[in-house]
Amino acid sequence: MKSYENLKKQVEDLLARRGGNKADLLRIATTDPDAEKSKFYKFLSGQSIPQGDTLLEWLDRLGFTITPPDEKMEGFTLVRMVEAKAGAGASLETSGRTVGQYAFRDSFMERECLHAEKCVLMRVVGDSMEPLIRDGDTILVDESEAGRVPRDNQITVIGVDDELMVKRLIKIPNGWRLHSENKEKGDVDITGEDLNSLRVYGRVRWFGRVV
């Protein structure tokens with residue numbers, strides 16, 4: 001049942017990235033949209049699970065990869081997606097619960113000196129890092145730098161009080177500037193005693209989006 005809940009969450013995320021357009025997913029996933037419409041929409045709403053090969057065919061067309069537990073795909077490394085959302089602005093969604101796994105090529109991980117057990121994926125909410133990182137994008141966060149002093153001019157996932165943010169950190173006298181790539185959004189300077197509320201969760205090493 002836990003596996004189904006994880007799958008349902010990932011499908012819901014895919015639907016959200018498509019702007020909630022169920023008809024768009026129906027067209028991609030099915031060979032006969034008119035005949036499969038009712039069954040597919042019930043699946044999206046969580047009312048029923050299709051039997052036989054139907055579900056596997058839908059997931060394959062939607063771009064999902066089914067991997068047996070603990071099996072490592074040859075040439076790929078699995079990185080977990082967490083429930084937390086990084087706010088390009090601010091987010092109060094900070095749960096570290098795993099909601100899925102996504103495959104990255106071993107060659108990419110090795111080239112960038114990344115280790116799957118020290119990385120997480122999370123979604124971005126908000127537009128303060130546009131046009132570089134957009135609302136709904138997925139970011140790969142290197143947690144090996146968690147708790148360390150931030151790196152100047154690096155895009156970092158940070159915590160300020162109870163909020164989780166993704167910002168470019170710029171060193172300033174006596175503190176750090178939380179810089180927004182979006183010119184319509186203001187920067188925030190963290191100095192003095194406020195530095196005690198600043199926590200580094202990791203450096204953003206990759207981002208991607210569905211177009």
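The accessible surface of the protein chain in this predicted model comes to about 12,100 Å², and carbon and sulfur atoms account for 47% of that area. Of the 211 residues in the chain, 40% are buried. Along the principal axes, the C-alpha atoms fill a box of roughly 65 × 35 × 25 Å.

The charged groups number 32 positive and 36 negative, and the mean positions of the two sets lie 2 Å apart.

Five helices and nine strands make up the secondary structure of the protein chain. Their order along the sequence is α-α-α-α-β-β-α-β-β-β-β-β-β-β. Where contacts join residues at least 6 apart in sequence, 56% of them link residues at least 24 apart.

The largest nonpolar core has 16 residues, and the members touching the most others are Met 122, Ile 139, Val 157 and Val 166. The elements that each give two or more residues to this core are listed below.

| Element | Residues |
|---|---|
| Strand 1 | 76-87 |
| Strand 3 | 119-125 |
| Strand 4 | 138-142 |
| Strand 5 | 154-160 |
| Strand 6 | 163-172 |

Another core, of 14 residues, lies apart from this one; Val 11, Ala 29, Phe 43 and Leu 55 are among its members.

Within the largest core, Val 166 is one of the residues that touch the most other members. Leaving out residues up to four places away in sequence, Val 166 touches Ala 86, Gly 87, Ala 88, Val 124, Met 129, Ile 139, Ile 155, Thr 156, Val 157 and Val 204.

Technical notes: Residues are numbered from 1 along each chain as its sequence is written. This is a predicted model: local features need pLDDT of at least 70, side-chain atom pairs count only at pLDDT 80 or more; totals for chains, interfaces and linings use all residues. Side-chain values use heavy atoms; hydrogens and water are left out. A nonpolar core is a set of buried Ala, Val, Leu, Ile, Met, Phe, Trp, Tyr and Cys residues joined through side-chain atoms within 4.5 Å. Buried means under 20% relative accessible area, exposed over 50%, partly exposed in between (1.4 Å probe, protein chains only). Helices (H or I, at least four residues) and strands (E, at least two) are DSSP runs, numbered from the N terminus. Contact means heavy atoms within 4.5 Å. Accessible areas come from the Shrake-Rupley method with a 1.4 Å probe; for residues, only the protein chains shown count as cover. Lys and Arg count as positive and Asp and Glu as negative; His and the chain ends are not counted. The place of a charge is taken as NZ of Lys, CZ of Arg, CG of Asp or CD of Glu.
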